[in-house]
Structures are given as C-alpha cells and as structure tokens.
Amino acid sequence: MKPRVLGISGSLRNGSHTRVLVEIALEWAERCGASTELIDLREYPLPIFEAHRQYHADATVQTVIGKIKAADCYIVGTPEYHGCMSGALKNLFDFVYTEISGKLFGVVAATGGSQGVSSLDNLRACLLYCHAWVLPYNVAASQRDFNEQGQLVNEQVLDRLARLGRDVAVYGPLLVNQFRSDLQLPADAPQSFAGWVQ
Ligand SMILES: Cc1cc2nc3c(=O)[nH]c(=O)nc-3n(C[C@H](O)[C@H](O)[C@H](O)COP(=O)(O)O)c2cc1C
C-alpha cells in the first residue's frame with residue numbers, strides 16, 4: 001500500500017505562499033510513490049481548543065481528526081508570525097497531539113523576509129512535545145522567492161522542497177510501521193516508546 005502523506009497548510013491568507021510550498025513538496029512525495037492529500041486550515045475553520053470540552057459532535061473537528069489519523073506522515077507549512085507558527089496551526093495541534101505521535105513531519109515556512117528559523121524552531125518544539133518525529137532540516141521561503149503571480153521561483157528552495165517531499169515519503173512509512181508494530185508487543189514487555197505515548 002502507498003504511504004499516505006497529508007499536507008497541512010497553516011495560513012488562512014488568500015493566495016498563501018505557505019500553501020504553495022506545501023503543494024510543491026506534496027507533489028514530490030507523490031512522484032516518489034506516496035498518495036497525498038492537502039488540508040488547508042482556511043477550509044476547515046476549527047474552534048479555539050478548550051481543554052474541558054468534548055468535540056464529538058463538531059463535524060469540522062471530527063473530519064480533521066479523521067484525516068490526521070488516517071495519514072502515515074505529514075508535510076506541514078506555517079506562515080512565520082512574529083517568529084512563531086500561526087495561531088491556527090498551533091490550535092490544530094492542540095486537537096490532534098495523540099493522532100500525530102510517533103509519525104514523521106517535514107516542516108516548511110513562508111516568511112516576509114527572515115530565514116524562518118524562529119517559526120520553524122517553534123513548530124519543531126511543538127511537534128516534539130506531541131511525540132512526533134521531524135526531519136532534521138527545514139525549508140523556508142520569503143516573499144522575494146515568489147514572483148508577482150505567487151509562483152515560487154527560487155531554484156534552491158524548489159530543490160529543498162523536492163528533497164523534503166521525497167524524504168517524508170521514504171522515511172515516514174518506516175517510522176509509522178515500526179510504531180504500529182511496537183503496539184503489538186506482549187503486555188509484559190518493557191514499555192516501548194509507542195506504548196508510552198498511547
Ligand atoms: C501577523 C503577522 C506576523 C508576521 N510576522 C513575521 C515575522 O516574524 N517574520 C517574517 O519574516 N515575516 C512575518 N510576517 C510576514 C509573513 O510571514 C509573510 O507574509 C508570509 O508570506 C505569510 O505566509 P502566507 O503567504 O502563507 O500567508 C508576518 C505577517 C503577519 C500577518
């Protein structure tokens with residue numbers, strides 16, 4: 001079965017550069033054998049997470065959780081907002097930390113002018129606290145890497161996105177398959193990483 005790579009675009013802006021970055025990386029994941037789908041958070045307006053609430057009856061929340069759960073690995077993009085990931089993206093992770101644990105992420109950022117290090121460190125820290133894995137490099141693009149039509153024109157960024165899409169498609173299934181088989185260890189086996197996060 002093909003690995004299922006889910007793209008997540010964390011910008012709600014019309015004409016988002018983040019979405020373009022995620023789409024290009026997803027295209028490469030698909031060319032490297034994965035099946036792909038994109039969640040644009042603009043199309044799934046989640047409520048602000050309240051820890052005391054249950055969301056079983058919220059159709060948007062349940063749809064998003066279902067898609068996140070079904071995926072083997074992820075390519076997630078954030079706009080850089082004051083050196084952090086977007087609020088919309090952070091809010092998503094508050095809903096789905098259980099569903100992403102033990103799975104691999106490739107991370108990308110769109111910025112105004114910075115290198116994206118701060119927002120990607122922020123995103124990376126959040127994912128690690130959710131017990132997800134993250135590829136050991138980032139991809140970022142600033143406004144000057146796009147033309148007026150909103151197309152990404154920086155060849156180096158295009159190359160890095162291709163590598164990221166490929167790496168998620170190749171390494172994502174290895175991690176998630178191992179994670180799932182860890183869950184089938186005998187009950188009296190030493191506690192595995194997978195058992196610990198469940
Ligand atoms: C609220 C806000 C905060 C921002 N903070 C930063 C920042 O800290 N560093 C930066 O380089 N650009 C910053 N920008 C610019 C955005 O990162 C840039 O417009 C990027 O293209 C947004 O991604 P999008 O096109 O996917 O919406 C900020 C923009 C907004 C609206």
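## Ligand shell, first helix and selected residues

An oxygen atom of the ligand lies 3.2 Å from a polar backbone atom of Ser114. That is a polar contact, meaning a pair of N or O atoms within 3.5 Å; within protein, one atom must be able to donate a hydrogen and the other to accept it, and residues adjacent in sequence count only if both atoms are side-chain atoms. The protein covers 73% of the 640 Å² of accessible area that the ligand has on its own. Accessible areas here come from the Shrake-Rupley method with a 1.4 Å probe, and for residues only the protein chains shown count as cover.

The model is predicted: local features need pLDDT of at least 70 and side-chain atom pairs count only at pLDDT 80 or more, while totals for chains, interfaces and linings use all residues. Residues are numbered from 1 along each chain as its sequence is written, and side-chain values use heavy atoms, with hydrogens and water left out.

### The ligand shell

The ligand is surrounded by 16 residues. A residue counts as near if one of its heavy atoms lies within 4 Å of the molecule. The closest are Ser11, Arg13, Ser16, Thr18 and Glu80. Backbone atoms of Glu80 and Gly113 also face ligand oxygens, at 2.8 Å for Glu80 and 3.2 Å for Gly113. Helix α1 and strand β4 are the elements that give two or more residues to the shell. Helices (H or I, at least four residues) and strands (E, at least two) are DSSP runs, numbered from the N terminus.

### Helix α1

Helix α1 covers residues 17-31, which is 15 residues. From first C-alpha to last, α1 reaches 22 Å, close to the expected 21 Å. The expected span is 1.5 Å times one less than the number of residues.

Ser16 caps the N-terminal end of α1. A side-chain oxygen of Ser16 lies 3.1 Å from the backbone nitrogen of Thr18. Just after the helix, Gly33 takes a positive phi of about 110°.

Which residues of α1 are buried? They are His17, Thr18, Val20, Leu21, Val22, Ile24, Ala25, Leu26 and Ala29. Buried means under 20% relative accessible area, exposed over 50%, and partly exposed in between, with a 1.4 Å probe and protein chains only. An α-helix has 3.6 residues a turn, so residues three or four places apart point the same way. The cover over the buried residues of α1 includes β1 (4-9), β2 (35-40), β3, β4 (104-111), β5 and α5 (155-182). Contact means heavy atoms within 4.5 Å.

### Arg42 and Asn138

Arg42 sits in the loop between β2 and α2 (59-70). At 42% relative accessibility, Arg42 is partly exposed. Beyond its neighbours within four places in sequence, Arg42 is in contact with Ser11, Leu12, Arg13 and Asn14. With Asn14 there is a side-chain to side-chain polar contact of 2.9 Å. Arg42 and Arg13 are 29 residues apart in sequence, yet 7.7 Å apart in space, C-alpha to C-alpha.

Asn138 belongs to strand β5. Its side chain makes a polar contact of 2.6 Å with the side chain of Arg124. Leaving aside neighbours within four places in sequence, Asn138 is in contact with Val107, Leu120, Arg124 and Arg160.

### Positive phi in two histidines

His82 and His131 each have a positive phi without being glycine.

| Residue | Phi | Loop | Relative accessibility |
|---|---|---|---|
| His82 | about 50° | between β3 (73-79) and α3 (87-100) | 84%, exposed |
| His131 | near 65° | between α4 (117-129) and β5 (133-142) | 28%, partly exposed |

His131 also gives a long-range distance. His131 and Gly112 are 19 residues apart in sequence and 30 Å apart in space, C-alpha to C-alpha.

### Cysteines

How many disulfides does a search of the whole structure find? It finds zero. A disulfide is a pair of cysteine sulfur atoms within 2.5 Å.

Why is Cys73 without a bond? The closest cysteine sulfur, in Cys32, is 12 Å from the sulfur of Cys73, so it is too far. Cys73 is buried, with a relative accessible area of 0%. For Cys126, the closest cysteine sulfur is in Cys130, at 4.4 Å, and that is also too far for a bond. Cys126 is buried too, with a relative accessible area of 12%.
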